[in-house]
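Student: I would like to learn how to read a structure step by step. Could you walk me through one?
Tutor: Gladly; let us put it on the screen and go feature by feature.

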Number of protein chains: 2
Amino acid sequence: MRIGELAKRAEMKTDTVRYYEKAGLLPPPPRRHNGYRDYGTLHLERLAFIRHCRALDMSLADISRLLEFVTHPDVECGAIDRLIDGQLIQVQARIASLRTLESQLLALRDQCHDQKTAGECGILQELVAAAHDEDCVCHPASIGETDTDDYASVPEDGHD
Amino acid sequence: MRIGELAKRAEMKTDTVRYYEKAGLLPPPPRRHNGYRDYGTLHLERLAFIRHCRALDMSLADISRLLEFVTHPDVECGAIDRLIDGQLIQVQARIASLRTLESQLLALRDQCHDQKTAGECGILQELVAAAHDEDCVCHPASIGETDTDDYASVPEDGHD
DNA sequence: TTAGAACCATGGAGCTACTCCAAGGTCAAT
DNA sequence: ATTGACCTTGGAGTAGCTCCATGGTTCTAA
């Protein structure tokens, strides 16, 4: 089949199919006399696999690694487990941070008391005020790995 | 103050500060005789605001809109509320989809039964099989928020 | 027979929100 | 005079596509 039909069946754009080929995730298919790509069901399988993994939010690099295993079923599979575990940890961390975010936004929305001008808007006031709060989301309290400790301790003289 | 100190106080890179200027979020400061940018506390305020909003996962475009309100406190503020609401909806949708993802990954991880080769790996088998499942994450049945409509509407013509 | 629509090809630019780098200018201290 | 730490600019790179221009091909209908 040609790229259009393949893309339709895999539910993605032809551009995306070509992109996956260029990125090394989809093997280059044979060409017809006119240069058109000619795909078979194996390509569709592979695309479905890629699509499913993308839906699981995996990076193309990770998917590429998984595809290695698909094409080499005889190698040791421990890395697959670790890959999924890593993915899971990422997703869970993201959920946690989004939940924090959600409560921040909910609190923010509660500041709206139907004022009519931006100057009186509780949300805006809250945003401006919160920007200086040491304990707020934008100041990494325990996450910090690099010791950037003297950021906030710069004195207030702009001399030169 | 020069860009280095400003960046340090705002806890971001000098590159990011310059980027924000180029993106129109931070007004260009005056220059010294040698061409160095010369910032004041207003710039720091603004950067703190931007940083806080970024931590709330807002896009630069949204932040830009908010900054309009900050600098024009006399305009009607209903759009602020809508902006925050939109952000909240986005975040909640993302949380929901990540939770689905999490359970998928957990189920996937449970497929690992300490096989030694990729060919026997339950995770991989599951991934390959699930790719064809009409009800799985990668087929936007009801999850689709703003899906490109004619993709999913090619349901049963995919026969071989 | 021929016009048009619907495909296909390629290369390159654009998107977000930065981050990094190279080449060069400036300034204070040694 | 020479470090070294700053600063400047422009440009490239990241992920994962998406879109576009330009041109070739194939099929169908008038």
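**Reading the model together**

Tutor: A handy place to begin is burial: buried residues account for 25% of the 160 residues in chain A. Keep in mind that this is a predicted model.

Student: How many helices and strands does chain A have?

Tutor: Chain A has six helices and zero strands. Following the sequence, you read the pattern α-α-α-α-α-α.

Student: And what share of the contacts in chain A join residues at least 24 apart?

Tutor: Counting contacts between residues at least 6 apart in sequence, 40% join residues at least 24 apart.

Student: Let us turn to the pair of chains. How can chain A be laid on chain B?

Tutor: The idea is to look for the turn and shift that bring one copy onto the other. Here a turn of 180° with a shift of 0.0 Å along the axis lays chain A on chain B, with an RMSD of 0.4 Å. The two copies are therefore related as by a two-fold rotation axis. The same surface serves both copies, since 98% of the contact residues of chain A recur in chain B.

Student: Which residue of chain A comes closest to the rotation axis?

Tutor: That is Ile95(A), whose C-alpha is at 3.1 Å from the axis.

Student: How should I read the interface itself?

Tutor: In general, the size of an interface is often given as the accessible area lost when the parts come together. Here we can count residues instead: 61 residues of chain A are in contact with 64 residues of chain B. On the side of chain A that touches chain B, the elements giving two or more residues are H1, helix H3 (41-55), H4, helix H5 (78-109) and helix H6 (122-130) of chain A. H5(A) provides the largest share, 19 residues. By class, this side of chain A has 35 nonpolar, 11 polar and 15 charged residues.

Student: What span does helix H5 of chain B reach, and what is expected?

Tutor: To judge a helix, compare its end-to-end span with the expected one. Helix H5 of chain B (residues 78-109) has 32 residues and reaches 46 Å from its first C-alpha to its last, close to the 46 Å expected at 1.5 Å a residue.

Student: Which residues of H5(B) are buried, and what do they pack against?

Tutor: The buried residues are Ile80(B), Ile84(B), Gln87(B), Val91(B), Leu101(B), Gln104(B), Leu105(B) and Leu108(B). They pack against H5 and H6 of chain A, together with H4 and helix H6 (122-130) of chain B.

Student: Can we take a single residue, Phe69(A)? Where does it lie, and is it buried or exposed?

Tutor: Phe69(A) lies in helix H4 of chain A. It counts as buried because it has 22 C-beta neighbours inside 10 Å, and the cut-off for burial is 20 or more. Beyond its neighbours within four places in sequence, Phe69(A) is in contact with Val75(A), Cys77(A), Ile80(A), Ala118(B) and Leu124(B). That list takes in residues of both chains.

Student: How far apart are Phe69(A) and Val137(A)?

Tutor: They are 68 residues apart in sequence and 40 Å apart in space, C-alpha to C-alpha.

Student: Now the backbone. What is the phi of Glu11(A)?

Tutor: A sign of phi is worth checking residue by residue. Glu11(A) has a positive phi of about 55° although it is not a glycine. Glu11(A) sits in the loop between helix H1 (3-10) and helix H2 (14-22) of chain A. With 19 other C-beta atoms within 10 Å, Glu11(A) is partly exposed.

Student: And what of Glu11(B)?

Tutor: Phi of Glu11(B) is near 60°, again a positive value in a residue other than glycine. Its place is the loop between helix H1 (3-10) and helix H2 (14-22) of chain B. Glu11(B) is partly exposed, with 17 other C-beta atoms within 10 Å.

Student: Last, the DNA. Which residues are closest to DNA strand C?

Tutor: Of the 18 residues that surround DNA strand C, the closest are Arg2(A), Gly4(A), Arg37(A), Ser59(B) and Leu60(B). The elements giving two or more residues to this surface are H1 of chain A together with H2 and helix H4 (60-71) of chain B. By class, the surface near DNA strand C has five nonpolar, seven polar and six charged residues.

Student: Which residues are closest to DNA strand D?

Tutor: There, 18 residues surround the strand, and the closest are Ser59(A), Leu60(A), Arg2(B), Gly4(B) and Arg37(B). H2(A) gives the largest share of the surface near DNA strand D, three residues.

Terms used
Residues numbered from 1 in each chain as written. Chains lettered and ligands numbered in written order. Predicted model: local features only at pLDDT ≥ 70, side-chain atom pairs only at ≥ 80, totals over all residues. Helix = DSSP H or I, 4+ residues; strand = E, 2+ residues; numbered from the N terminus. Buried ≥ 20, exposed ≤ 12 C-beta atoms within 10 Å, placed from the backbone. Contact = placed C-beta atoms within 7 Å. Near = placed C-beta within 6 Å. Nonpolar A, V, L, I, M, F, W, Y, C, P; charged D, E, K, R; others polar. Least-squares fit on C-alpha atoms with pLDDT ≥ 70 in both. Expected span 1.5 Å × (residues − 1).
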